[in-house]
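Grab a pencil and work through these exercises with the structure on your screen. Try each task before you read its solution.

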Amino acid sequence: MKPDRHDRRMFLKAISAGAAGSLLAASASPNAVAAGGPNTLNAASEYLFTDGIAYLNTGTLGPCRRETIEASMKAWEGLESYPVKYYGRNGAEELAEKTRITAARFLGCDVSEIVITNSTTSGMNAVAQGMRLKAGDRIIVTDQEHGGGLLGWEYFAKYYGVAIDKLVIPRGENKAEAILDRTRKLIQKNTKLISASHVFSSTGLRMPIAEISALARSKGILCVVDGAQSVGAIKVNVKELGCHAYATSGHKWLMGPKGTGILYIAKDAQSIIRPIQFEESYNTYSDGNGVVNLACILGLGTAIEYLESVGIEKVEAHDLSLRNRLYDKLKNVRNLTIVSPPAGPLASPMLACLLPDAIKNTTVVQTLLNKHKISIRPTHKEFGFNGIRFCTHIFNTENEVDNAAEVLIKELSA
Ligand SMILES: Cc1ncc(COP(=O)(O)O)c(C=O)c1O
């Protein structure tokens, strides 16, 4: 028998309560402020957050809204009622194409330039593999790349003799022109491409991708972008950026199901970037892909449609205003050094702070979670700094940000 809507909600609630129970300390902080309070763009009831948690961790994984989960569940239940329902792709293409069309509209490109993937990593790997680089070729990557956007290039360096030139972005950088100058100086005769994150997972710095793409195009080389920390957080129009390829995740700022992603490959780069899996077609169902997770792909479409209905400009403004508020509250705190750009063109809705060596970032993160029900993350080890990172998104409130700052300041001075 099919569970009705109410049963399904109860089931989802139970899952979320169970998961949270193992993650969080039993006692709730009296200071914790529920998501979706005043000043938020949407209501707390739209999410399954455990009671009282302030979730400032979307850059790690974003939450799905109830509507997104229900869209996926409905599709999944339909599928499981007769598992071969879509066998031979019968009808599935049309459903999956709907998400592809939505993704193309959201990113400002043609549907023929979009592929639905599993993650940013799978998109970036597909681009690297599809470039068929060879010994002697050179590529430029920044020294702030996340492993998901770097591994593909390192693979070609390790096994094919491709040379990697590192574009150094000093901590605290806040000048687009300086970044551009350094990039320009790294381009050599055999340079084939520049690969950079749009927003760094290390510091939240927003790279001047439009300018880097223009530089790449003027030199006849490609610009490939890791957009894991940008799409859904800030407005991304791939045509305005002018890049050749752009990979993103469904499961972070887009608030789509885990294990979903989007890859854009510009029309004029499709003959140069030729991943095996998209050789036959960019369609979601193709001989190059095999069976895909249709339920999650449909959920991704629902998640994007929701952000469209709110308006990405409005989301970006909200997210940035909270981040800037946090910046102001933390900028003069003892034992804390902000390493993200101040409010301005290079800022994004992520804020990273450096801690003194004597205060371990993992301890601070655990204390905030277990004692105060505030979820943030320690900065990535590979970037070599002992830091913490906050992310502010559509469901976060001024109260949450104020409380997080207050609690952190108290803990650091204790
Ligand atoms: C900049 C960047 N690239 C890639 C990834 C990996 O994303 P995914 O798990 O979707 O592959 C992350 C994850 O945090 C990231 O921050």
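**Exercise 1.** Find the bridge partner of Pro378 in S13.

*Solution.* Start at Pro378: its bridge partner in S13 is Ile388. Next, look at the strands themselves (DSSP runs of E, at least two residues, numbered from the N terminus, just as helices are runs of H or I, at least four residues). S12 and S13 (residues 387–391) are antiparallel and joined by two bridges, and strands count as paired if DSSP finds at least two bridges between them. Now zoom out: the open, antiparallel sheet has four strands, ordered S9-S10-S13-S12. S9 (337–338) and S12 (377–378) are its edge strands, each pairing on one side only. Finally, spot helix H10 (residues 312–330), which lies across S9, S10 (350–354) and S13 and runs at about 20° to S10.

A quick note before you go on: this is a predicted model, where local features need pLDDT of at least 70 and side-chain atom pairs count only at pLDDT 80 or more, while totals for chains, interfaces and linings use all residues. Residues are numbered from 1 along each chain as its sequence is written.

**Exercise 2.** Work out which residues of S7 point which way, and whether they are buried or exposed.

*Solution.* First, the yardstick: a residue is buried if 20 or more other C-beta atoms, placed from the backbone, lie within 10 Å of its own, exposed if 12 or fewer, and partly exposed in between. Then split the strand: Ala245, Ala247 and Ser249 point one way, Tyr246 and Thr248 the other way, and all are buried. Last, check the neighbours. S6 (residues 222–226) runs parallel to S7 with three bridges, and Val224 stands opposite Ala245. S8 (residues 261–265) runs antiparallel to S7 with five bridges, and there Ile265 is the bridge partner of Ala245.

**Exercise 3.** Where does the largest nonpolar core lie with respect to domain 1 and domain 2?

*Solution.* Such a core is a set of buried Ala, Val, Leu, Ile, Met, Phe, Trp, Tyr and Cys residues joined through C-beta atoms within 7 Å. Here the largest one has 106 residues, and Val127, Cys223, Cys243, Ala245 and Tyr264 have the most contacts inside it. Helix H9 (residues 294–310) gives the most, with nine residues. Domain 1 (25–55 + 312–413) and domain 2 (70–308) both contribute, so the core lies between them; these bounds come from an automatic or database domain assignment. To finish, try Cys223: beyond its neighbours within four places in sequence, its contacts (C-beta atoms, placed from the backbone, within 7 Å) include Leu193, Ile212 and Cys243.

Definitions and conventions
Contact = placed C-beta atoms within 7 Å. Axes fitted to C-alpha atoms, helices over the stretch in contact; angles between N-to-C directions.
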